[in-house]
Amino acid sequence: MNRRAADRGHVDVVAALVAVAAFALLPWALTGPGQSGLGLMLAGRWPLPLPVLAAALAAVLAFASPQQAMGRLVMIGAGLASFVLYGFFARHIDGGPMLSWGLGAAIVFAALVLLGSRAAAVAGAFKADRWVATTTIAILASVIVFVFFPVVRVLASAFVDGSGVIDLGLASRRLFSPDIWTLACLYSEGGCGVVANTILLGLLAGVVSTLLGLAFALLAVRGGARNSKLFDAMSILPIITPPFVIALALVILFGRTGIVTTFLDDWFDIPRSRWIYGLSGVLIAQVLSQTPLSYLILRGALQGIAPSLEEAAQTLRASRMHIFRTVTWPLLRPAVAAAFLLGFVESLSDFGNPLVLGGSFEVLSTKIFFAVAGAQHDPGRAAILALILLVLTLSAFWLQMVWLGKKSYVTVTGKGDSGIPAPLPSGVRFAALGVVVPWIILTLVVYGIIAVGGFVVDIGRGDMTTTWKHFSTGFSVELGQNGLFFSGSAWDSFFITVMVSAVAAPLTAIVGLLTAYVLSRHDFKGKRTFEFLTMLSFAIPGTVIGVAYIVAFNVPPIEITGTGLILIICFVFRNMPVGVRSGIAALSQIDKSLDEASTTLGAKTGTTVRRVTLPLLKPAIVATLVFSFVHAMTAVSAIVFLVTARYNMATAYIVNRVEAGEFALAIAYSSLLILFMLAVVLLIQLVVGERKIGRRSVAAKPAAPPVTSGIGAR
Amino acid sequence: MIIRFPFRQAAFGAFAALGLGAMSAPALAQGEVVVYCSVQEEWCRPMMQAFERKTGIKVSMTRKSSGETFAQIKAEAANPRGDVWWGGTGDPHLQAAEEGITEEYRSPMLAELLPWATRQAEQSKFRTVGIYAGALGFSFNTQQLARKRLPEPKCWADLAKADYKDEVQVADPNSSGTAYTKVATLVQLMGEAKAFEFMKAMHKNVNQYTKSGAAPARAAATGESLIGITFLHDAVAQAVGGAPVKVVPPCEGTGYEIGSMSIIKGAKNMENAKKFYDFALSAESQALGAQAKSYQVPSNKSAPVPPEAPKLSDIKLIDYDFAKYGSSAERTRLLAKWDAEIRNAPKR
């Protein structure tokens with residue numbers, strides 16, 4: 001390729017120059033007096049310049065002989081080794097105090113990674129594609145630093161006792177403790193172990209939310225356009241609902257003194273009970289928040305299925321039921337698997353609902369939290385439980401891969417499709433309506449409670465006197481001499497939450513979609529491992545991430561606890577897998593021939609990406625932006641340990657309100673957050689726009705859907 | 001085709017770099033103190049404001065439950081972020097003292113404190129000190145009781161009676177310090193064998209082991225449960241809020257918690273931390289609790305006891321052995337035993 005030949009290491013030289021400049025000018029450490037690397041070196045920290053020197057030498061080699069890689073790789077390897085070793089063991093190497101990596105160090109590290117990946121590409125890795133090499137290795141490096149390193153660090157504590165000595169006997173006692181594994185509920189009056197509970201809940205939540213989502217999606221896409229507006233509107237709600245609120249509303253409705261319970265007791269003599277606390281309540285709450293997501297995934301897939309395939313079957317005289325079974329359903333399989341997997345995994349990592357509604361029904365996520373923060377204070381036990389949860393989640397991903405196999409699910413090709421989607425068989429339609437309608441009513445009632453709850457004194461006790469008290473406590477604004485003064489107690493956390501989420505969302509989208517692009521469009525050695533590592537953070541429960549971040553990032557070389565940065569990084573790497581999955585799902589539906597056609601017609605790569613790939617990726621971009629923004633605003637378990645006085649988050653504030661029994665203020669704050677996130681979602685939708693496939697549209701375009709294809713399958 | 005122009009790579013490198021350097025750690029200026037607050041937020045805020053007003057020292061306050069705070073201080077031990085840990089039940093404070101992650105300090109204010117507070121300090125080698133006390137007990141919903149025509153429960157023993165089947169709520173001792181205090185109290189009150197027998201009997205009446213210690217008070221207030229076992233001041237707060245509950249100190253006697261305060265070892269603002277510590281032990285600052293609807297009994301002799309607070313003098317208090325039952329060995333043992341014998345025991 002001529003471009004490659006044209007490049008004679010200019011990029012490498014620029015990168016090395018930047019590294020040298022950063023070393024000489026920018027503050028090396030994050031904390032401290034702000035000396036540059038050069039300054040510190042002159043003050044006696046002799047190993048500091050080694051990585052920079054390595055970078056410079058590698059660049060010289062690249063310039064001198066662009067086709068030779070070995071020397072550069074050795075150089076970079078040595079540079080990285082000296083960088084990392086000195087970071088972790090400065091005290092042992094030159095006796096000076098540990099240095100935290102700051103801006104200067106970060107740039108030097110980035111330059112080393114860039115130079116290394118280019119050298120690796122020259123050596124033949126990544127099919128000699130430098131862009132893929134750089135992207136992959138850069139993502140890999142950040143995933144290793146911000147996911148792998150902290151998690152391994154905290155999981156290692158499963159194998160040590162309180163004083164830090166390795167104790168395998170203790171580890172196995174922790175692992176085989178009966179309260180984790182017992183299946184007593186199957187054959188006796190006793191309760192089951194936490195693993196059985198968690199799996200049961202996850203399976204139920206996955207299956208039920210997928211089926212409900214499928215019913216909604218079928219009705220929306222194939223059941224006539226009238227439904228879909230309502231569905232789309234409703235489908236946004238649970239996504240933008242902060243945790244706890246649905247659970248609180250369910251208690252208010254179905255608790256023993258709940259509104260519905262009281263009504264049933266007064267009018268029909270149905271005795272009051274506490275059925276809502278436990279498996280049933282948690283399941284309802286999880287399905288309420290999962291169904292919309294699976295609806296969005298399945299609707300995206302249904303829309304993507306080319307009607308001509310079904311029309312072909314119809315022409316061959318297949319019945320509508322037969323077509324559904326043999327054409328539509330098989331094409332839906334990846335999306336169904338994705339919806340189920342998402343439901344299962346989200347249920348596993350859900351923390352808020354089991355906390356409020358779990359009763360004596362224990363799941364892993366809460367048990368982990370309380371092993372750390374409860375009266376036990378046993379991080380080792382938490383680590384074992386986290387390990388089990390991790391294995392469960394990863395098995396789910398593995399099973400999904402096995403089930404889907406390596407079939408092709410390409411449905412969006414360049415060959416313009418002019419078909420009209422077949423309407424649903426009426427049996428399926430009525431069955432779908434039968435589950436959808438009651439569910440809609442339930443959802444509306446739950447949100448009715450949330451809407452009203454903030455404006456009355458105490459909805460939980462039935463005190464329905466209207467009041468503005470809760471809003472004025474949280475959100476009063478005074479007009480002082482210096483303009484507006486936000487005196488409400490919730491404002492600080494609100495502003496920080498918005499800022500952190502707004503920074504994290506686009507970063508998540510960029511990292512996630514780049515990863516997806518590399519994974520779906522390029523083949524290279526170690527791709528499976530790379531994919532696994534990028535998905536890892538999704539499988540790790542929030543509580544574990546939170547504790548891991550504090551333990552790993554509170555001391556040099558990476559010392560970022562107590563900053564807003566740690567929150568942003570936490571969100572980017574926690575939500576990145578969603579960007580990856582939705583990007584892959586979208587890309588696997590788009591035929592490569594579209595790219596090729598564009599190139600054949602003389603478009604440059606940039607033009608192809610801008611005019612072909614990106615527009616087709618719009619749903620994935622929107623999905624990732626919305627998801628990461630909203631999840632950053634509503635995450636709880638991961639950030640409970642990371643928030644500080646200066647960087648407090650809305651959810652942490654709400655958790656405190658719930659703990660204090662102030663349901664009304666929690667609900668008031670939540671309803672405000674819901675409105676805010678709604679506005680943001682609509683804004684993202686408006687800015688990015690929607691993709692249009694096919695020339696003929698069926699009736700009028702449905703209302704702007706918020707998210708298409710959340711986590712897609714491969 | 002592959003996008004391939006170096007600008008993107010440069011941008012990527014810059015992104016990675018920006019990620020690390022964009023926001024730097026907040027520098028701790030002079031005249032600051034970082035407080036981890038483990039009482040209710042309503043109490044945290046006026047307390048911090050009062051200290052700021054009095055001393056001009058800027059307070060950065062984070063509110064978290066005592067368990068979360070303990071976990072955080074432990075995780076941060078290599079490089080402490082906080083200076084003072086104010087409030088929260090005594091056990092995690094004692095454990096922190098035991099593990100040496102809090103600092104020894106003999107405040108000149110110790111002389112002004114009630115004996116139970118100074119004893120807490122002596123037991124921990126002056127690494128923590130009592131700032132308030134609250135007795136354990138239960139509360140019941142008067143409306144529900146009348147509707148069900150049940151007798152008023154007055155004693156611990158009543159809670160095991162078949163009358164109250166499925167009507168008692170208490171937190172899970174694994175997650176809640178309140179519930180652990182209950183286990184330790186019963187063990188000290190009845191002896192270990194009897195106490196576990198009693199808890200097994202009461203287990204049949206327990207409708208839910210909640211995660212949060214104060215939740216049963218709320219459940220009793222709304223009628224979700226007839227009876228909730230909590231610290232009495234949590235129940236009092238519900239009663240003051242207008243809920244139809246009656247607060248009961250058990251007739252056999254009961255244990256109590258000592259809400260505590262510790263200075264974190266290696267605190268970056270040690271001088272200010274000590275100033276805060278002394279302030280928090282003064283009668284003036286301890287009067288703030290009642291205004292914030294926290295009805296614990298303050299530890300300073302001359303601090304006014306809120307009229308709503310359950311009078312410790314009217315309650316039969318046991319001689320709670322904080323040193324023994326606050327130690328992590330004893331706690332781990334009791335919790336394991338509770339897990340094995342009570343949690344999954346059959347309900348019939």
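Colleague: A residue counts as buried if 20 or more other C-beta atoms lie within 10 Å of its own. In this predicted model, how many of the six residues of strand E2 (residues 58–63) of chain B are buried?

Modeller: Start with the partner strand. E2(B) runs parallel to strand E1 (residues 32–37) of chain B. The rest of the structure largely encloses E2(B), because its buried residues number five of six.

Colleague: How many bridges join E1(B) to E2(B)?

Modeller: Take one facing pair as a landmark: Met61(B) in E2(B) stands opposite Val35(B). The two strands run parallel, and the bridges between them number six.

Colleague: Now helix H10 (residues 232–240) of chain B. How many of its nine residues are buried?

Modeller: Go through the buried set. It holds Leu232(B), His233(B), Asp234(B), Ala235(B), Val236(B), Ala237(B), Gln238(B) and Ala239(B). H10(B) is thus mostly covered, and the buried count is eight.

Colleague: Which elements are included in what covers the buried residues of H10(B)?

Modeller: H10(B) is mostly covered. The cover includes one helix and several strands, all of chain B. Among them are strand E5 (128–141), helix H9 (215–222), strand E8 (227–231) and strand E9 (245–248).

Colleague: Which residue with a positive phi follows H10(B)?

Modeller: Look just past the helix. The phi there is near 105°. The residue is Gly242(B).

Colleague: What distance separates the C-alpha atoms of Gln123(B) and Gly242(B)?

Modeller: Place both residues. Gln123(B) is in helix H5 (residues 115–123) of chain B, while Gly242(B) follows H10(B). They are 119 residues apart along the chain, and their C-alpha atoms are separated by 39 Å.

Colleague: Is Gln123(B) buried, exposed or partly exposed?

Modeller: Count the neighbours. Gln123(B) has 19 other C-beta atoms within 10 Å. Buried needs 20 or more, and exposed needs 12 or fewer. The count falls in between, so Gln123(B) is partly exposed.

Colleague: Leaving aside neighbours within four places in sequence, which residues is Gln123(B) in contact with?

Modeller: Gln123(B) belongs to H5(B). Beyond four places in sequence, its contacts are Phe322(B) and Ala323(B).

Colleague: What share of the 348 residues of chain B count as buried?

Modeller: First the make-up of chain B: 15 helices and eleven strands. Its C-alpha trace spans about 80 × 65 × 40 Å along the principal axes. Among contacts between residues at least 6 apart in sequence, 78% join residues at least 24 apart. The buried share of chain B is 55%.

Colleague: And chain A: among contacts between residues at least 6 apart in sequence, what share join residues at least 24 apart?

Modeller: Chain A comes to 30 helices and four strands. Of its 714 residues, 55% count as buried. The share of contacts in chain A joining residues at least 24 apart is 77%.

Colleague: Take helix H13 (residues 245–254) and helix H15 (residues 279–304) of chain A. At what angle do they pack?

Modeller: The axes of H13(A) and H15(A) lie 10 Å apart, at an angle of about 130°. That makes H13(A) oblique to H15(A). H13(A) passes H15(A) in a right-handed crossing. The angle, again, is about 130°.

Colleague: How do the residues of the contact of H13(A) with H15(A) divide?

Modeller: H13(A) gives Ile246(A), Ala247(A) and Leu250(A). H15(A) gives Gly281(A), Ile284(A), Ala285(A), Leu288(A) and Ser289(A). By class they are six nonpolar, two polar and no charged.

Colleague: How far apart are the axes of H15(A) and helix H17 (residues 320–349) of chain A?

Modeller: H15(A) and H17(A) pack at an angle of about 160°. That makes H15(A) roughly antiparallel to H17(A). Their crossing is right-handed. Their axes are 9 Å apart.

Colleague: Which residues of H17(A) do Leu309(A), Glu310(A), Ala313(A) and Gln314(A) in H16(A) meet?

Modeller: Helix H16 (residues 307–315) of chain A packs on H17(A) at about 145°, with the axes 10 Å apart. The crossing is right-handed. On the H17(A) side, the residues met are Ile323(A), Val327(A) and Thr328(A).

Note on methods:
Residues are numbered from 1 along each chain as its sequence is written. Chains are lettered from A and ligands numbered from 1 in the order in which they are written. This is a predicted model: local features need pLDDT of at least 70, side-chain atom pairs count only at pLDDT 80 or more; totals for chains, interfaces and linings use all residues. Axes are lines fitted to C-alpha atoms, for helices over the stretch in contact, and angles run from 0 to 180 degrees between N-to-C directions. Angles under 35 degrees count as roughly parallel, over 145 as roughly antiparallel, 65 to 115 as roughly perpendicular and the rest as oblique. A crossing is left-handed if the near helix is turned anticlockwise from the far one by less than a right angle, and right-handed if clockwise. Two residues are in contact if their C-beta atoms, placed from the backbone, lie within 7 Å. Ala, Val, Leu, Ile, Met, Phe, Trp, Tyr, Cys and Pro count as nonpolar, Asp, Glu, Lys and Arg as charged, and the others, Gly among them, as polar. Two strands pair if DSSP finds at least two bridges between them.
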